[in-house]
Amino acid sequence: MLLRMAVCARLCGVGQSRRCRRRQRHSQADQESDSEMDMDEEKEEERVVGKMKDDPDGSSCHKTCGAGPSGAGASGVTELGCRNSPCAGPPRPQTLLDLPPELLVEIFASLPGTALPNLALVCKKFRQILNTETVWRRRCTEEFGMKDDLRKMEIVGISSRELYVKRVNPQVKSGRFMKLLPDYEHMDYRDVYTHLLYPYRHILGLWQPDIGPYGGLLNVVVDGLFIIGWMYLPPHDPRVEDPMRRRPLFRIHMWEKNKAAVECMYGHKGAHKGDIQTVKKDEFSTKCNQTDHHRMPGGRQEEFRTWLEEEWGRTLEDIFHEHMQELILMKFIYTSQYDNCLTYRRIYMPPCLPSDLMQPGLFKGTYGSHGLEIIMLSFHGSKAKATKLTGDPNVPAGQLTLEIDLNHPVRLPDLEQQRNMEELSRLVLGVHEEAQRGLQGQDTPSEGAEAGPAQGAEGSDVAPPAGAEDVEPRAGACSAPPELQPFVLPLGVMARNEVYPRTCKMCFYGTGLIAGHGFTSPERTPGLFVVFDDDHFGFIWLELKSFSLYSRLTDQLSHAQAPSMDHFEAMLRNMQSWTS
């Protein structure tokens, strides 16, 4: 048996990846050459027997196989495999080159795309394997979320089909324009990764455009063979529960096999030439090279009517409030002058901690005559902050619109007293005075300075909500959900949306930022922060006698997580400086 194993090892060429393929290829030839095999077997027998006489304990084989006399080598099974020994067991690879190609494809596909070009320089075999579409397709999918198949790009449905269509047919006629598109069938994933996804990876994620006090929210994503910059717009006032609206501002795609093209999507005449410049880290600019595509045949009046219908969902004749008409006209004049030549700064989604009162994130809320605006809710220890992503001439984007003190909850009275504005003002102003005394006493800290809501508030009007007496304010929503309590707006409080929740979880004292036109004389005024559920909250502005209702933005936003809480807080400080 030992002699036959040695002959098999010699015939099969044990080592690398050939294994016993030589025996399989010459199975028929073996039947015709029995005499030659017998001679080889006799010679091999003489060689092995002679070797065994010189080394009766088999130590040389053990040394070669890397096993001792009593180890795996003694039983004929080695750890790495031995090419020139009579040891039993399948041969095992000693280097990456010995692995089969299909296994190398799996290994290389799990490496970062940036490491693959250097890996291709190692040898010809690696270079051939790295030309496999499977490797680069997985990198495009795992690193950038690309899901479409390049070989099945006949139709990729998106919400803006009238603006552009993606098909294999190089000439596609849409409802408004004729556009020449590349032949995607002859592209491969390596070209897409190398010339599209990787060079423009830094612009993926959430951004805030520099449009004066109005701001905005831009989400740059990978959509098939395109990188698209979507501008997110709030629903039409006052429908806060409606989903967000999206408008494409620019796109980047593979125009040739090794070249990506940037196109402006602003206006109503289809895609046209544009440009993107990366100014510095976490900032980039867009430029339209054909601004005449933004103009309409009817001039500025037609452009205004079209913009008003898209922005507000109504005509100017439907808006009877004169002050509101002035605000709308002012926004159109201010925003249209940019012609999609904008600078964007990166923003992050707020980090979520187990101690947060509710899930942080983006919300759309009502702001009186200014319509719906987008805010970002985040938690910072005993404080909750709402920062504007879109703004108005009074309080611009980037400013802290709400600041909530989670150490000062407010217990609501019964429904009859809730309808009394004076009673609500008395409750909130009482907590406001308590909070101001606490701020003045921070210069002389004493024991109990970090007291929870039960120690930090006096009287029966300021206490934890029902069902949450034993819960710290920072973790009240996570440890034990409080009981729902009835809620109604006081008489005389203005609400853009008359449909609002009639039960709430808890209420807290907070302040809201108000200012004159042009952000003049800004001041923080006390109010009541009301948590309805995990996706809705409200704020009663006492001085303005108005109510703002906020609803969560549920869109999936990728590449938007903050690296750390420090990065997020630094971003908030920078946002305030942009529009101060």
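I107 is found in helix α6, which spans residues 101-109, where helices (H or I, at least four residues) and strands (E, at least two) are DSSP runs numbered from the N terminus. At 32% relative accessibility, I107 counts as partly exposed, a class between buried (under 20% relative accessible area) and exposed (over 50%), taken with a 1.4 Å probe and protein chains only. The model is predicted, so that local features need pLDDT of at least 70 and side-chain atom pairs pLDDT 80 or more, while totals for chains, interfaces and linings use all residues. Residues are numbered from 1 along each chain as its sequence is written, and side-chain values use heavy atoms, leaving out hydrogens and water.

The chain has 580 residues, of which 47% are buried, and its secondary structure comes to 17 helices and 21 strands. Among contacts (heavy atoms within 4.5 Å) between residues at least 6 apart in sequence, 59% join residues at least 24 apart.

Turning to the backbone, the peptide bond from D237 to P238 is cis, with omega near 5 degrees, and P238 sits in the loop between β5 (226-233) and β6 (245-256). Two residues that are not glycines have a positive phi, as tabulated here.

| Residue | Phi | Loop | Relative accessibility |
|---|---|---|---|
| K545 | about 50 degrees | between β20 (536-541) and β21 (546-552) | 44%, partly exposed |
| H559 | about 55 degrees | between β21 and α17 (565-579) | 38%, partly exposed |
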